[in-house]
Amino acid sequence: MYTTNLNFDKNKKESGKVEALEGGPEAEAFQAKLDQDLMVEPKDWMPEAYRKTLIRQISQHAHSEVVGMLPEGNWISRAPTLKRKAILLAKVQDEGGHGLYLYSAVETLGVSRDEVVALLLNGTAKYSTIFNYPTLNWADIGAIGWLVDGAAIMNQIPLQRCSYGPYARAMVRVCKEESFHQRQGYEIMLAMANGNAAQKEMAQDALNRWWWPSLMMFGPPDDNSPNSAQSMAWKIKRFSNDELRQKFIDVTVPQADVLGLKIPDPDLKWNKKTSHYDIGEIDWDEFYQVVKGNGVCNRDRLRARNDAHQNGQWVRDAAMAYDEKRRKRAA
């Protein structure tokens, strides 16, 4: 989907010449392009801060897709029916593909996949906090599809109009597949909510545990999100954290009503004046604790990714050896 052979002039960047142009005519022309809703392509001039912001956001998005395979992959062999196994297997495979699209997109910004993956493996780079919560039973797989993937869609649909072309184009297929994931999760919750008393109780318990972490997926409140304003000015983001969170709440609460499940928020109520739902206070202390690496599954997730990377070394070595052999034959 993307090319990594873009011949970036690293010497130019390291010499400081790029930074010197940040406030010059190039920067003005760059912002004018964004104001016209034109896309930025890999070889176009861009401010160094814009490039770094995209590297951080796209790589963290890729990490989230790959780490997100872990809580669900754990349930493939334990899914209740063969049909459920096949659907969940396809979903987990999709998530791995999303990670590959996004790692390819971030390479167009002049960094290698190895660089950004190394930052994940050593714990420097972040991924979505939602994946540091455990999946305790089958209902959690439904809640993840319904709530987590639903929140992801709410975040990702506007990214199809992101100002950076490779990122925006990657989101087109990702959003289509995430829509399938959300429907799959909701169908699981619907089946359990309409099942026996024990199954409905499991569905309610899963909703209780995943509701608040899903709201945290949109990031901290706008007044405590230092990067949002600049990302919106650059049209990387089209909506603020709080706007996206509110959209998600307004869509999801009626869905819970259809399921016959109760949102675990005693302060939840419809506000006629704003035509939105009001909610209780989000525990942002919990959010920041998970960001810092103190979530229930933080260490397990990083250990699993490091083990997979190390166990796959022979595959990478074999691929490199084959490529070298093929080039020698061609020569």
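This section describes the confidence, helices, core and selected residues of a predicted model.

The protein chain has an average pLDDT of 91, and 93% of the residues score at least 70. Confidence is not even along the chain, since pLDDT stays under 50 over residues 1-21. For this segment the model has 33 contacts beyond four places in sequence. Where pLDDT is low, the predicted coordinates should not be read in detail.

Helix H4 spans residues 48-67 and comprises 20 residues. The distance from its first C-alpha to its last is 28 Å, close to the 28 Å expected at 1.5 Å a residue. Most of H4 is covered, with 16 of its 20 residues buried. Val67 belongs to this helix and is buried, at 1% relative accessibility. Apart from neighbours within four places in sequence, Val67 is in contact with Leu120, Tyr127, Phe131, Arg301 and Arg305. The C-alpha atoms of Val67 and Ser128 are 8.7 Å apart in space, although the two residues are 61 residues apart in sequence.

The largest nonpolar core contains 79 residues. Within this core, the residues with the most contacts are Tyr50, Ile58, Tyr164, Tyr167, Trp210 and Trp211. In soluble globular proteins, nonpolar side chains tend to be buried together. The surroundings of Trp210 were examined further: not counting residues up to four places away in sequence, Trp210 touches Ile130, Tyr133, Pro134, Thr135, Asp140, Ala143, Ile144, Leu147 and Val148.

Helix H10, residues 197-216, includes Gln204. A polar atom of the Gln204 side chain lies 2.8 Å from the backbone oxygen of Lys262. With neighbours within four places in sequence left aside, the contacts of Gln204 are with Leu261 and Lys262.

Met154 is located in helix H8, residues 138-156. With a relative accessible area of 19%, Met154 falls under the 20% limit and is therefore classed as buried. Beyond four places in sequence, Met154 is in contact with Phe218, Leu244, Lys247, Phe248 and Val251. Met154 and Arg245 are 91 residues apart along the chain, and their C-alpha atoms are separated by 8.2 Å.

Lys33 lies in helix H3, which covers residues 25-35. Its relative accessible area of 22% makes Lys33 partly exposed. Residues up to four places away in sequence not being counted, Lys33 touches Leu38, Met39, Val40 and Asp44. A separation of 9.4 Å was computed between the C-alpha atoms of Lys33 and Ser163, which are 130 residues apart along the chain. A contrasting case is provided by Gln310, in helix H14 (residues 298-311). Gln310 is exposed, at 55% relative accessibility. The C-alpha atoms of Gln310 and Gln184 are 33 Å apart, with their positions 126 residues apart in sequence.

Backbone geometry was also considered. Most residues other than glycine have a negative phi, and most peptide bonds are trans. Asp37, however, has a positive phi near 60°. Asp37 is situated in the loop between H3 and H4 and is partly exposed, at 46% relative accessibility. A positive phi, near 65°, is also found at Lys235. Lys235 occupies the loop between helix H11 (228-233) and helix H12 (241-259). Despite this loop position, Lys235 is buried, with a relative accessible area of 17%.

The count of disulfides in the model is zero. Cys162 is in no disulfide, as the nearest cysteine sulfur, that of Cys175, is 12 Å away, whereas a disulfide requires sulfur atoms within 2.5 Å. Cys175 is likewise in no disulfide, its nearest cysteine sulfur being that of Cys162. Cys162 is buried, with a relative accessible area of 1%, and Cys175 is also buried, at 6% relative accessibility.

Key: Residues are numbered from 1 along each chain as its sequence is written. This is a predicted model: local features need pLDDT of at least 70, side-chain atom pairs count only at pLDDT 80 or more; totals for chains, interfaces and linings use all residues. Side-chain values use heavy atoms; hydrogens and water are left out. Helices (H or I, at least four residues) and strands (E, at least two) are DSSP runs, numbered from the N terminus. The expected span of a helix is 1.5 Å times one less than its number of residues. Buried means under 20% relative accessible area, exposed over 50%, partly exposed in between (1.4 Å probe, protein chains only). pLDDT is the predictor's confidence in each residue, from 0 to 100. Contact means heavy atoms within 4.5 Å. A nonpolar core is a set of buried Ala, Val, Leu, Ile, Met, Phe, Trp, Tyr and Cys residues joined through side-chain atoms within 4.5 Å. A polar contact is a pair of N or O atoms within 3.5 Å; within protein, one must be able to donate a hydrogen and the other to accept it, and residues adjacent in sequence count only if both atoms are side-chain atoms.
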